[in-house]
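Q: Please take a close look at the sheet in this model. I should like an account of its strands, and then of the pockets and other elements that belong with them.

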Amino acid sequence: MFGRVGTQGGTVTDGGSGVVLRVAGEADLDTAAELFRGYLDFYGVTVEDPGAPREFLAERIAKGESLVLLADAPGVTGTVGFAQVYQAFSSLTLRRAWILNDLYVAPSGRRTGAGRALLREVLRRAREAGVAGVQLETAYDNRVAQGLYESEGFVREEFHVYFHDLG
């Protein structure tokens with residue numbers, strides 16, 4: 001659970017960009033939920049209940065099931081980005097692994113270094129926690145995100161990924 005793994009600590013400033021990062025807590029739920037809704041909109045997900053994203057995040061944070069990071073960029077009012085990480089396990093390495101499931105920067109915060117700062121903080125915390133690696137997925141046509149991930153050392157895997165939608 002993330003409640004015991006790598007979620008301690010207050011704010012961190014990314015030295016190069018001046019972006020200020022923090023772990024989201026209960027007091028940040030409205031801000032995190034607004035960014036989460038932006039993320040869902042970006043991926044074309046229709047949410048019937050407008051309160052559902054906040055409830056989803058609140059439950060993940062309260063149960064220590066995810067690490068949610070928030071980013072404030074210099075010169076931009078308000079929090080502009082978030083990342084959400086889930087813990088998983090790697091049978092092939094016999095260790096924990098992390099899934100960077102969500103990374104989003106609002107249009108007002110793009111090109112400020114917020115996305116890169118969030119990504120680097122996830123990787124820093126993962127190393128600190130001793131996990132085997134960090135996995136992520138993005139849309140096939142999201143070339144901007146792919147460029148960021150590859151510039152930070154992520155490697156596109158060549159095996160096929162399968163998913164069976166049960167919803």
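A: The account below begins with the sheet and then turns to the pockets and one helix. The model is a predicted one, in which local features need pLDDT of at least 70 and side-chain atom pairs count only at pLDDT 80 or more, while totals for chains, interfaces and linings use all residues. Residues are numbered from 1 along each chain as its sequence is written, and side-chain values use heavy atoms, with hydrogens and water left out.

The sheet is open and mixed in its pairing, with six strands in the order β1-β2-β3-β4-β5-β6. The edges are held by β1 and β6, each of which has a single partner strand, so one side of each is left without a neighbour in the sheet. Strands (E, at least two residues) and helices (H or I, at least four) are DSSP runs numbered from the N terminus, and two strands pair if DSSP finds at least two bridges between them.

Strand β1 (residues 12–13) runs antiparallel to β2 (residues 20–23) and is joined to it by two bridges; Thr13 has Val20 as its bridge partner in β2. On from there, four antiparallel bridges connect β2 with β3 (residues 66–72), and Val23 is partnered by Leu69 of β3. Between β4 and β5, also antiparallel, there are ten bridges; Gly81 has its partner, Val105, in β5.

Asp72 belongs to β3 and is partly exposed, with a relative accessible area of 22%; buried means under 20%, exposed over 50%, and partly exposed in between (1.4 Å probe, protein chains only). Beyond its neighbours within four places in sequence, Asp72 is in contact (heavy atoms within 4.5 Å) with Gly18, Val19, Val20, Arg22, Gly78 and Thr79. Of these, Arg22 is 50 residues from Asp72 in sequence, with 8.6 Å between the two C-alpha atoms.

Strands of the sheet also contribute to pockets. A pocket is an open set of points on a 1 Å grid over the protein atoms alone, where a 1.4 Å probe fits, with protein on both sides within 12 Å along at least five of seven lines; its lining residues have an atom within 4 Å of a point. Grid points are joined across faces, edges and corners, and a volume is the space filled by probe spheres set on the points.

The largest pocket has a volume of about 1200 Å³. It is lined by 33 residues, of which Gln135, Leu136, Glu137, Val155 and Glu157 are the closest to its centre. At least two lining residues come from each of β4 (79–90), β5 (95–105), β6 (134–136) and α4 (143–151). The lining comprises 19 nonpolar, nine polar and five charged residues, where Ala, Val, Leu, Ile, Met, Phe, Trp, Tyr, Cys and Pro count as nonpolar, Asp, Glu, Lys and Arg as charged, and the others, Gly among them, as polar.

The second largest pocket holds about 870 Å³. Among its 30 lining residues, Leu103, Val105, Asn142, Ala145 and Tyr149 are the closest to the centre. Two or more residues of this lining come from each of α1 (29–42), β5, α3 (114–129) and α4, and β5 has the largest share, seven residues.

Helix α1 also meets the sheet: its buried residues pack against β3, β4 and β5, and against α2 (52–62). Those buried residues are Leu29, Ala32, Ala33, Leu35, Phe36, Gly38, Tyr39 and Leu40.
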